Amino acid sequence: MFSLAAAWTFALLPALQPHAAHAAARPQPCRGCWPQPSEKKQRAGEPRMLAAEVLARSVRPIVGTISLCLAALVPCTVGAFAPGEVRRRGLWRRGFTGFSFAVFVSSWIFSGTVGFLSVFMMFAVVAQNEYYDMVRRNGINPTWKLGLLGSCAMYVAAACPSVAMREAAFPLTGCATIIYLLLRPGFERCYGRLFPWYTPRDTPPTTYDDVGTTFMGVFLFGYMPSFWVRLRGIGPMAPAALLPAIVPPRLRGCAPLVALERSRSDLLTAGALVQWWTMLAIVFADVAAYFVGKRFGRTPLISVSPGKTWEGLWGGVVAATATMAAAAVLLGWPYPLATGGLYGIGCALMGLAGDLTVSLLKRSARVKDTGSIMPGHGGLLDRLDSYLLVAAPAFFYVSALRMLL
């Protein structure tokens, strides 16, 4: 944490220096999301710009964080797999999984639309399938296959530039789900006649629980997470305008960078920067809530999750607020302490809402973890629960902020 704070301080110093010291040597702006004060009087139809210095100082902490996580993986790897006390190895294993996940997610966010969407669909399908497994353990029969297909359709539609496709994905998925649930026994018989190798299942009549749990999975793991894809698509930046801002001139002659500069890749967008900082704020909120609650927690928060306290909640809110206030300064948001702080509060509260929602589902299914895919952390849904409900408010907040500038 100390090293990360030092990296942040180094990144924030240029933003806190007097404006006149940088006015003479300011680089040319590159395509982005936030108009700077000197750019407000732009011609009609001109794209909004993000100053190169703002881009550089917002990317610097990201590179520093990834480097620190890679460095932390070395002792975590040794401690996790070396012989020793089981409890201590479990702690090292949790650290190894967490730091590996942080490096992977950071690289994934800046992998371009195709790479991001592919991995996103894989994550979402695994998490949604864990949810439907919990539902089936309670004797409920959701149409999980159609739910997964509908969710994937919403992710693809979210990356599509057509507004009509983005808005149509959820209601059309709902219509198809209702029709299938009503005619499910008939569909089973049709499958048996069309495919001789298929054995029709003796599906019981569709119940209210079947319909409700199916739609809960589509909404909670399909529609709401699809806004992460929309958020990432905000403010695409051309590599030719991006690389001069973050790569030293002497390194830009390398063949891979030259090829990247000439390509039309969308590895970095203004939305991807916001998304990375948003996810970091959620992580800091979770960590701060855990340690503050463990050390100072006295007042229970809610019966759904007995371990959570009001003190832990305030600790998480403070951590997320401070993180996003710093991010707003780096990203060049207007009135950064106010806009970033309000955004951070929303991230902390909606992250907690997602966490409590999954806790409620696990209590209903009488399970401790949603799965065992991540050593020391349980299922993938156990790690992604705080991100389920954040994306939609974040997308609309950032979109409204852009419209006001």
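**View 1. Arg136 and its salt-bridge partner Asp133 in the predicted model.** Arg136 is partly exposed, with a relative accessible area of 31%. Its partner Asp133 is likewise partly exposed, and its relative accessible area is also 31%. The two side chains form a salt bridge with an N to O distance of 2.2 Å. Both residues belong to helix α5 (residues 112-137), where a spacing of three residues places them about one turn of the helix apart.

**View 2. The salt bridge between Asp355 and Lys308.** The closest N and O atoms of this pair are 3.4 Å apart. Lys308 lies in strand β4 (residues 305-309) and Asp355 in helix α15 (residues 336-365), so the contact ties together parts that are 47 residues apart in sequence. Asp355 counts as buried because its relative accessibility is 14%, under the 20% limit for that class. Lys308, at 22% relative accessibility, counts as partly exposed.

**View 3. The salt bridge between Asp382 and Lys362.** The side chains of Asp382 and Lys362 meet at an N to O distance of 2.9 Å. Asp382 is located in helix α16 (residues 380-384) and Lys362 in helix α15; the pair thereby links distant parts of the chain, 20 residues apart. Both Asp382 and Lys362 are buried.

**View 4. Salt bridges in the structure as a whole.** The predicted model holds four salt bridges, among them Asp133 with Arg136, Asp355 with Lys308 and Asp382 with Lys362. Helix α15 contributes Asp355 to the bridge with strand β4 and Lys362 to the bridge with helix α16.

Conventions. Residues are numbered from 1 along each chain as its sequence is written. This is a predicted model: local features need pLDDT of at least 70, side-chain atom pairs count only at pLDDT 80 or more; totals for chains, interfaces and linings use all residues. Side-chain values use heavy atoms; hydrogens and water are left out. Helices (H or I, at least four residues) and strands (E, at least two) are DSSP runs, numbered from the N terminus. Buried means under 20% relative accessible area, exposed over 50%, partly exposed in between (1.4 Å probe, protein chains only).
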